[in-house]
Amino acid sequence: MLLLAKSAFAAAPHAEMRRIAATVEALPGVAAALACYSEQGQPSLREALLSLRGGSHDAIRIVPLVLPLEPGFLNWMTRSLKRWQAESPGGWPPIRIARDIAGSPLFGSLLQDLVEGAATAPAIPADDAAKLEGSLVPAQKRRVLVCEGGACNAAGADAIWGHLRNVQAHRKLRVTGDGTMTAKATCLGPCNLAPVLQVFPEGTYYGGVTEAAVDRIVEEHLLGGRVVQDFAYEPTGRKQRLRVAADNFPINRRVT
Ligand code: FES
């Protein structure tokens, strides 16, 4: 059972997810339960799935702990699952995705319990004057924008964003080399190249981005200063499509 949350940065939410997983693991018919994340947090959904591939499980069920569950979220999950299975073929048990939380017949009871709990929660004191706090101006010279527009979301941009953020934390990219900041963006323009990200200060567009592409962009471009031509698209003044191999599989996604 994979319990899928969006993000967890600090230790406390990770511990909370582990507690939820332990509760689920005690349910009848559940052999194992593991928390994972669609955006930042480890393990990512992809990492969790790959760790279960080839194991002895009859099936994998994914329970999204996300509200509201937008249709786009399910779309990218389905597309990403297919891509990950194509990249690492064999050994996959059947994967099923649970209905959304709000679709449960018990959701009304849960809401009632929360509403009653709020009635007795301590009131937050009104602050007399908001304090003027200072901010550090970032010294980082590089910035990666990950498109979260409609086409890119449907093509799995959330998973790409999550992977980039995990690598950023793991490789300490903020303070390594020129320093890299990352941010989500609305549509970056070339929607048919989804999922798209753009690296500054060069403004290089990358299309058909996968987790493996992110790893190369980090290593070769952000840290090495060399554009990764396999995934890069130049502004030619003409419409471009994802480069496709003879077998009709996007060339960026071929497993080498
Ligand atoms: S939606 Fe990503 S480039 Fe348009």
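**Exercise 1. The nonpolar core**

Task: In this predicted model, find which residues have the most contacts inside the largest nonpolar core, and work out why the core lies between domain 1 and domain 2.

Solution:
- Step 1. Start with the core itself: the largest one has 40 residues.
- Step 2. Pick out the residues with the most contacts inside it, which are Val 146, Ala 157, Ile 160, Val 196, Leu 197, Tyr 206 and Val 209.
- Step 3. Now look at who contributes. Residues come from both domain 1 (2–101) and domain 2 (142–253), so the core lies between them.

**Exercise 2. Around Val 209**

Task: List the residues that Val 209 touches, leaving out those up to four places away in sequence.

Solution:
- Step 1. Use the contact cut-off, C-beta atoms within 7 Å.
- Step 2. Leaving out the sequence neighbours up to four places away, you should find Ile 160, Pro 195, Val 196, Leu 197, Val 214 and Phe 231 touching Val 209.

**Exercise 3. Where the domains meet**

Task: Describe the contact between domain 1 and domain 2, and say which element gives the most residues on the domain 1 side.

Solution:
- Step 1. Place the two parts: their C-alpha centres lie 24 Å apart.
- Step 2. Count the residues in the contact: domain 1 supplies 14 and domain 2 supplies 15.
- Step 3. On the domain 1 side, H2 and helix H3 (71–87) are the elements that give two or more residues. H3 gives the most, with six residues.
- Step 4. Sort that side of domain 1 by character: three residues are nonpolar, seven polar and four charged.

**Exercise 4. The open sheet**

Task: Work out the strand order of the open four-stranded sheet, and find how helix H2 is placed against S2.

Solution:
- Step 1. Reading across the sheet gives S2-S1-S3-S4, with parallel pairing.
- Step 2. Strand S2 (34–37) and strand S4 (95–97) are the edges, as each pairs on one side only. From one strand to the next, the twist averages 25°.
- Step 3. Zoom in on one pair: four bridges hold strand S1 (residues 2–5) parallel to S2, and Leu 2 has Leu 34 as its bridge partner there.
- Step 4. Add the helix: H2 (residues 45–52) lies across S1, S2 and strand S3 (60–64), and runs at about 140° to S2.

**Exercise 5. Two partners for S5**

Task: Is strand S5 parallel or antiparallel to S6, and which way does S5 run against S7?

Solution:
- Step 1. S5 (residues 142–147) runs parallel to S6 (residues 180–185), joined by six bridges; Leu 145 stands opposite Ala 183 in S6.
- Step 2. S5 and S7 (residues 197–200) run antiparallel, with four bridges. There, Arg 143 has Phe 200 as its bridge partner.

Definitions and conventions:
Residues are numbered from 1 along each chain as its sequence is written. This is a predicted model: local features need pLDDT of at least 70, side-chain atom pairs count only at pLDDT 80 or more; totals for chains, interfaces and linings use all residues. Two strands pair if DSSP finds at least two bridges between them. Axes are lines fitted to C-alpha atoms, for helices over the stretch in contact, and angles run from 0 to 180 degrees between N-to-C directions. Two residues are in contact if their C-beta atoms, placed from the backbone, lie within 7 Å. Domain bounds come from an automatic or database domain assignment. Ala, Val, Leu, Ile, Met, Phe, Trp, Tyr, Cys and Pro count as nonpolar, Asp, Glu, Lys and Arg as charged, and the others, Gly among them, as polar. A nonpolar core is a set of buried Ala, Val, Leu, Ile, Met, Phe, Trp, Tyr and Cys residues joined through C-beta atoms within 7 Å. A residue is buried if 20 or more other C-beta atoms lie within 10 Å of its own, exposed if 12 or fewer, and partly exposed in between; C-beta atoms are placed from the backbone.
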